[in-house]
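Colleague: I should be grateful for a close look at one part of this model, namely its internal spaces and the site of its ligand.

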Amino acid sequence: MIDLQIQSSLTDPSLLVDTAYINGQWCSAKDDATIDVINPSSKKIIATVPDLTVDQVRQAINDANTAWKTWKSSPATERATKLANWYQLMMDNQDDLARIMTLEQGKPLQESKGEITYAASFIKWFAEEARRINGETHPAPTSDRRLMTVKQPVGVCAAITPWNFPAAMITRKCAPAIAAGCTILVKPADLTPLSALALAVLADRAGIPAGVFNVVTGNAKSIGETFTSSEIIRKLTFTGSTKVGSLLMAQSAPTVKRLSLELGGNAPFIVFEDADIDEAVSGLMISKFRNAGQTCVCANRVLVHDKIYDRFTDSLVNAVRTLKVGDGFAENVTIGPLINENAVAKVRAHIEDSLQKGASIAYGEIPSGDDLFVTPTILRDVTTDMLPATEETFGPLAPLIRFHTDEEALKIANETPYGLGAYYYTQNLKRAWHVGENLEFGMIGLNSGVISMDSSPFGGIKLSGVGREGSNLGIEEYLEVKAWHIGSL
Ligand code: ADP
């Protein structure tokens, strides 16, 4: 089911679909079961998508395996060209794709457009990388032998993706898989399947063959179990919570799958006393409030040196005042609704816990009732025993923690089992090196609130996961190295 009024508001209504995409076919669940897709802004159902049966998912895996037998030996230029077509179709349909994303995810339309550009950039990047999958030769022990390595696609892959970046988390995984010669099945987040299905419409138009890119919708737990228990699927790539990631890792153990896991974070954002305060505030505004604070590299703990604490707080309050909360389609809105009631409850719990333990509100308010529209809030005098310091908030809350020395800042920053993103602002060269070398995170931004782009490896350490996406490293996750010994020459 699709809300026809919404469908007709698109320039190309055929991009909004309510069926899964398996082996080049559009299909409903065998038993006609469906899952509702809700607009978080209006809380109205905008569409339903199939709740596929286990048998249908198993069949999809078999079909992807059949498709792989051909795709794995397709010429690199063919893979590159088809991915380049897909990239171009995404950019040509950017406005419609952005509208679909705002409808199901809530983020402001301008941000959705930005995500489409970002998502498409991975397809372009890996279209280019497809033609650079090189092998090596190695010194052989005797003159009648030769030794070389070749790289080959891992095989059939599965991706499980989250709702906060409904397009980019799919392209960042699927583009390198397809470029490498793998086939892939995506289980999009139940909350945001429509963006994934729109990408499938365009993949089909781009000439990506049946079975190479598939979108299976339905029950997360059941599809997760079907993927992980399959002997055909050789690689699982997941972005989401550490809890689900480690569960999938355990479920993948019996079949010893390759894994890429991009899990939770608890990013510190450190502002040293010599920082350019205006730059630090603008960096924090991007890192903290993009997607209403619902990104895994969001600044979660803002550490500010005692000497500039008040000045920084005042500047930040002035900047946050300019944010406008509302429906993602409304003019000038910069913060959309949070994804659901649980997300709001978490922000509320973090504020209440901090206030009880002695923090105060510098700007904003405690979210009330079931309203998904949350005022961006700044807390001052936050200490490390309060909830925002220990857990990812995943909402528009900036807790300001005071520190006095570099070592204290580093200690607080690293005092987390997570290690995804970290940010720090300083003009001092010696401090820049010392802090950068001692932050225990997969990605660090020095005087920068932006740390994700096609050309840079994205990923974390510790409980934040394994593997890297994007950059020259991203495609390696979908390649096996085969050592080839040749004797009797
Ligand atoms: P978030 O907190 O960001 O929603 P989740 O880890 O719950 O993160 O969800 C990320 C993705 O994992 C979504 O596609 C969701 O449907 C899926 N998911 C949730 N639980 C399971 C599970 N038990 N097995 C497989 N996938 C799951």
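How many nonpolar, polar and charged residues does the lining of the largest cavity have, by class?

Modeller: The model is predicted. By class, five nonpolar, six polar and two charged residues make up the lining of the largest cavity. This lining comprises 13 residues, and those nearest the cavity centre are Thr295, Cys296, Cys298, Asn300 and Glu392. The volume enclosed in the largest cavity is about 50 Å³.

The count of cavities of 30 Å³ or more comes to two. The second largest holds about 30 Å³ of space, and its lining consists of Ile35, Val49, Pro188, Ala189, Asp190, Pro193, Thr217 and Gly218. By class, these are five nonpolar, two polar and one charged.

Asp190 leads on to the ligand, since the closest of the 16 residues surrounding the ligand are Thr161, Trp163, Lys187, Asp190 and Ser241. The ligand takes up the space of the largest pocket. Its shell has eight nonpolar, five polar and three charged residues, and α8 (220-229), β10 (233-239) and α9 (242-252) each contribute at least two residues to that shell.

Oxygen atoms of the ligand are approached by several protein atoms. A backbone N or O atom of Thr161 lies 2.6 Å from a ligand oxygen, a polar side-chain atom of Ser241 lies 2.7 Å from a ligand oxygen, and an N or O atom in the side chain of Trp163 is 3.0 Å from a ligand oxygen. Taken alone, the ligand exposes 560 Å², of which the protein buries 76%.

Terms used
Residues are numbered from 1 along each chain as its sequence is written. This is a predicted model: local features need pLDDT of at least 70, side-chain atom pairs count only at pLDDT 80 or more; totals for chains, interfaces and linings use all residues. Side-chain values use heavy atoms; hydrogens and water are left out. A residue is near a molecule or strand if one of its heavy atoms lies within 4 Å of it. A polar contact is a pair of N or O atoms within 3.5 Å; within protein, one must be able to donate a hydrogen and the other to accept it, and residues adjacent in sequence count only if both atoms are side-chain atoms. Accessible areas come from the Shrake-Rupley method with a 1.4 Å probe; for residues, only the protein chains shown count as cover. On a 1 Å grid over the protein atoms alone, a cavity is a set of points where a 1.4 Å probe fits but cannot get out, and a pocket is an open set with protein on both sides within 12 Å along at least five of seven lines; lining residues have an atom within 4 Å of a point. A molecule sits in a cavity or pocket if more than half of its atoms lie within 2 Å of its grid points. Helices (H or I, at least four residues) and strands (E, at least two) are DSSP runs, numbered from the N terminus. Ala, Val, Leu, Ile, Met, Phe, Trp, Tyr, Cys and Pro count as nonpolar, Asp, Glu, Lys and Arg as charged, and the others, Gly among them, as polar. Grid points are joined across faces, edges and corners, and a volume is the space filled by probe spheres set on the points.
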